[in-house]
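Dear colleague,

Please find below the structure that I am handing over to you. My notes on what was found in it follow directly after.

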Amino acid sequence: MNEGPILKVSHLKTYFGSKGGLFSKGKVVKAVNDVSFEILHNETFGLVGESGCGKSTLGRTIVKINEPTSGSIEFEGRDIVKMKGAELKAFRRDLQMIFQDPYASLNSRMTVGEIIREPMEIHGLYNSTKERDQKVSELLETVGLKPDHIRRYPHEFSGGQRQRICIARTLALNPKFIICDEPISALDVSIQAQIINLLQRIQKERQISYLFIAHDLGIVKHISHRIGVMYLGSLVEVGESNSLYREPMHPYTKALLSAIPIPDPRVERSKAAVEISGELPSPLDLPSGCAFRTRCPFASERCAKETPQLRQVGDRQVACFLYEK
C-alpha cells in the first residue's frame, strides 16, 4: 500500500432536525457524531454496527449526498466539504458509491448499456458512442457478465447480476475510492461470496480503496484490512481486522462477535457469550456520557457523567474507560 491516507475524516458531524410529533419536534438526530478515521491507498476499511447506528449516513456524507453539519473530509488532501461546482463534479469521478438495493439504484427504463454509459457521457469520457460501448462491454466482462447483456433491461437479471451491473457502472469512471453501502445484504448467501470475491479481485487489479459498510462482522472480517465499530453515530473501536476479531476490546464489539454463530457445535456451545440488554436508544434522545452505558454490563457512574474518547490502546483505538490507566 502507498504511504499516507487517501481519505481522512476529522470530527465529522451530520445532524438532522426532527419533523416528528409533539414530543420529538425541535429535537436533533445526531446520525454521525464526531467521527474521525483514515483510509489508506488500496485498503478496505470495514464499518460495522447495528441498523440505525449511522453507517450509511456516514457513507452518504462522504460523497456529499448528505451535507455535513461540521468537520472535514479530506480526499487526497482536498477538503470535500468545501467543494462546489466543477471541482465537486471532478471529485465524483474519483469517489463512487455502490448502494444496498441494486434494483432500486438502476433505472428500469434504461438498458444496461445506457446505464453504464451514462456516467461516461456526463463526465465527457471517450470521444464517441462506439468507444463508450466498447468500454461498457469490457466492464461487463470485468464483472462476470456477457457483452450481449448490453441491450437488456434491469428486470431481466437476478439480484446478483443487477449488483454486478451496479459495480460495472461504478467502475465506468475509473474511481480511486468506492463506498460499498451494504452491497450484499439484499442478496442470497451463495451470491454474497461471489460479489465479495469480485470486489477483492477488482481492488487487486485496479488498486482501489474501499469503505465497506455492513452489519455482519464475519463478512467484514473476510474483506477488510481494518475495521471500525460504530454505535449510535460514534466509533467505539478501530483496529486491524484479524486482531480485532481475535481479541475485541470494547464491550459492544465483544457482543457483536459473540453473536456470530460458529459452524462447529462443540465450539459454539463452549464459547463465552457476551449479552447486551435493552433496546437501542433513540438517536433523538441519546444517553448522557457514554451512549452504550444503558446496555453495557460494565457501566460505572463515570460512564453516565463523561463521554469516552477514541484513544490508542496497544494496536487499537478504543472509546472505553475500562482501558484507561
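Helices, as the word is used here, are DSSP runs of H or I with at least four residues, numbered from the N terminus. Helix H6 holds both Glu 205 and Arg 201, which lie 4 residues apart, about one turn of the helix. Please bear in mind throughout that this is a predicted model.

Salt bridges

Side chains of opposite charge can pair when their charged atoms come close. A salt bridge is counted when a side-chain nitrogen of Lys or Arg is within 4 Å of a carboxyl oxygen of Asp or Glu, and by this rule the count comes to 14. Three of them are described here.

The pair in helix H6 is one of these: the side chains of Glu 205 and Arg 201 meet at 3.4 Å, N to O. Arg 201 is partly exposed, with a relative accessible area of 35%.

In a second case, Glu 67 forms a salt bridge with Lys 64, and their closest N and O atoms are 3.6 Å apart. Glu 67 is exposed at 51% relative accessible area, whereas Lys 64 is buried at 10%.

The third case joins Glu 324 and Arg 302, whose side chains meet at 3.0 Å, N to O. Glu 324 lies in the segment after strand S12 (316-318) and Arg 302 in helix H11 (residues 301-305), so this pair ties together parts that are 22 residues apart in sequence. Glu 324 counts as partly exposed at 24% relative accessibility, and Arg 302 is partly exposed at 33%. Through salt bridges that share partners, Arg 302, Glu 306, Arg 311 and Glu 324 are joined into one network.

Strand S7 and its neighbours

How many of the residues of strand S7 (residues 177-181) are buried? The number is 5 of the 5, so the strand is largely enclosed by the rest of the structure. In a regular strand the side chains alternate between the two faces of the sheet. Both faces of S7 are covered: Phe 177, Ile 179 and Asp 181 are buried on one side, and Ile 178 and Cys 180 on the other.

Strand S6 (residues 95-98) runs parallel to S7 and is joined to it by 4 bridges; here Cys 180 in S7 is the bridge partner of Ile 98. Strand S8 (residues 209-213) also runs parallel to S7, with 5 bridges between the two, and Tyr 210 in S8 stands opposite Ile 178. Helix H6 (residues 189-206) appears again at this point, since S7, H6 and S8 make a right-handed β-α-β unit.

With kind regards

Definitions and conventions: Residues are numbered from 1 along each chain as its sequence is written. This is a predicted model: local features need pLDDT of at least 70, side-chain atom pairs count only at pLDDT 80 or more; totals for chains, interfaces and linings use all residues. Side-chain values use heavy atoms; hydrogens and water are left out. Buried means under 20% relative accessible area, exposed over 50%, partly exposed in between (1.4 Å probe, protein chains only). Two strands pair if DSSP finds at least two bridges between them. A crossover is right-handed if, with the strands pointing away from the viewer, the path from the first strand over the helix to the second runs clockwise.
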